[in-house]
Amino acid sequence: MKQILPLYFIMGSQDCKLDPAFTLTEAIKGGITCFQFREKGPGSLQGTEKVALGRKLQRICRESNIPFIVNDDIELANTLQADGIHVGQDDMPIEEVVHKFVGNIIGLSVHTVEEAKQAATHNIDYIGVGPIFPTGTKKDAKKPVGASHIHTIRDAGISTPIVGIGGITKQNAHHVIQAGAEGISLISAISMSDYPQLAAKQLKAILTLA
Ligand SMILES: Cc1ncc(COP(=O)(O)OP(=O)(O)O)c(N)n1
Ligand SMILES: Cc1nc(C(=O)O)sc1CCOP(=O)(O)O
Ligand SMILES: [Mg+2]
């Protein structure tokens with residue numbers, strides 16, 4: 001599990017400055033280790049258009065052996081036979097997700113130490129901790145917790161693999177890794193770049209040094 005988490009790219013068409021398939025292809029060339037399809041919020045595709053984009057992006061991931069994870073939508077994850085699903089505290093109960101998606105990667109969002117402790121009692125593969133820094137991408141994001149929050153979770157004895165999320169850029173990514181996370185997950189630092197391959201490469205280089 002830990003080897004797929006270092007540079008975890010998340011996006012949907014609503015997040016992209018350039019064409020989504022091109023953005024993903026370039027991000028893969030730049031060294032991302034995992035991809036989450038998160039078609040959600042203002043401007044996102046719905047229905048058959050969402051499924052078609054998901055299929056297209058999944059094909060791109062498969063060609064390069066990059067795990068393809070679906071955000072929120074269990075039905076889509078099943079339809080596409082995705083490699084995994086990511087859910088939050090307010091989505092489908094985690095017990096149900098674990099039951100329905102057995103044998104696949106399962107990620108859960110966590111904001112507090114208590115939620116991280118709860119998460120550790122379930123058979124999940126990683127937790128997404130955030131928002132670490134202020135983010136403009138998710139309008140209903142909670143208050144930023146800072147990278148030290150990852151330290152606090154580790155100090156509470158939780159060993160579940162962690163990815164930090166929220167406002168992570170090449171300027172602050174090293175704080176997240178130094179605080180004890182296995183990886184960084186991010187949207188706009190790559191999806192809004194004019195050069196997604198370069199953006200991913202630069203982030204990868206920072207991870208190597210951190
Ligand atoms: C890796 C990762 N971590 C956290 C999230 C956020 O999930 P959630 O809280 O359910 O919010 P939405 O993404 O569904 O708006 C994530 N998607 N990925
Ligand atoms: C999808 C998401 N979840 C968050 C959480 O805190 O759970 S923050 C976030 C948005 C991440 O986008 P960016 O990298 O552009 O800040
Ligand atoms: Mg969710």
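## The surroundings of the two ligands

Of the 16 residues around ligand 2, those that come nearest are Gly130, Thr135, Thr137, Gly166 and Ser188. This shell comprises seven nonpolar residues, eight polar residues and one charged residue. The structure described here is a predicted model.

Ligand 1 is surrounded by 19 residues, and the closest are Gly88, Ser109, Gly128, Ile165 and Ser185. Two or more residues of this shell come from each of the strands β1 (7-11), β4 (84-87), β5 (105-110) and β7 (162-165). By class, the shell around ligand 1 holds five nonpolar, nine polar and five charged residues.

## Annotated positions: Asn71 and Ser109

An unreviewed UniProt entry carries the annotation "binding site" for Gln36, Phe37, Arg38, Glu39, Lys40, Asn71, Ser109 and Lys138. Two of these positions, Asn71 and Ser109, are described here in turn.

Asparagine 71 belongs to strand β3, which covers residues 68-71. Asparagine 71 counts as buried because 21 C-beta neighbours lie inside 10 Å, and the cut-off for a buried residue is 20 or more. Apart from its neighbours within four places in sequence, asparagine 71 is in contact with Gln36, Phe37, Arg38, Lys40 and His86. Among these partners, Gln36, Phe37, Arg38 and Lys40 also appear in the UniProt annotation.

Serine 109 is placed in strand β5, and it is listed among the closest residues to ligand 1. With 19 C-beta neighbours inside 10 Å, serine 109 counts as partly exposed. When residues up to four places away in sequence are not counted, serine 109 touches Gly88, Gln89 and Gly128. Gly88 and Gly128 are likewise listed among the closest residues to ligand 1.

## Annotated positions: Asp72 and Asp91

UniProt, again in an unreviewed entry, also lists Asp72 and Asp91 under "binding site". These positions are spread over 20 residues of sequence, yet they cluster in space, with a largest C-alpha distance of 6.7 Å.

Aspartate 72 is located in the loop between β3 and α3 (74-80). Its 19 C-beta neighbours inside 10 Å make aspartate 72 partly exposed. Leaving aside neighbours within four places in sequence, the contacts of aspartate 72 are Lys40, Val87 and Asp91. Aspartate 91 itself is found in the loop between β4 and α4 (94-100). Aspartate 91 also counts as partly exposed, with 17 C-beta neighbours inside 10 Å.

## The nonpolar core

The largest nonpolar core has 56 residues, and those with the most contacts inside it are Phe9, Ile32, Phe35, Val176 and Ile184. Strand β1 gives the most to this core, contributing five residues.

Phenylalanine 9 is in contact with Ala27, Ile32, Phe35, Leu186 and Ile190, once its neighbours within four places in sequence are left aside. Two of these partners, Ile32 and Phe35, are named with phenylalanine 9 among the residues with the most contacts inside the core.

## Helix α6

Helix α6 spans residues 148-155, and its buried residues are His149, Ile150 and Ile153. They lie on the same side of α6, because they cover an arc of only 105 degrees around the axis.

The elements that cover the buried residues of α6 include α5 (113-120), β6 (126-129), β7 and α7 (173-178). Strand β7 also gives two or more residues to the shell around ligand 1. After α6 comes glycine 157, which has a positive phi near 90 degrees.

Key: Residues numbered from 1 in each chain as written. Chains lettered and ligands numbered in written order. Predicted model: local features only at pLDDT ≥ 70, side-chain atom pairs only at ≥ 80, totals over all residues. Near = placed C-beta within 6 Å. Helix = DSSP H or I, 4+ residues; strand = E, 2+ residues; numbered from the N terminus. Nonpolar A, V, L, I, M, F, W, Y, C, P; charged D, E, K, R; others polar. Buried ≥ 20, exposed ≤ 12 C-beta atoms within 10 Å, placed from the backbone. Arc of directions from axis to C-beta. Contact = placed C-beta atoms within 7 Å. UniProt positions renumbered as here; feature names shortened; annotations may be inferred. Core = buried A, V, L, I, M, F, W, Y, C linked by C-beta atoms within 7 Å.
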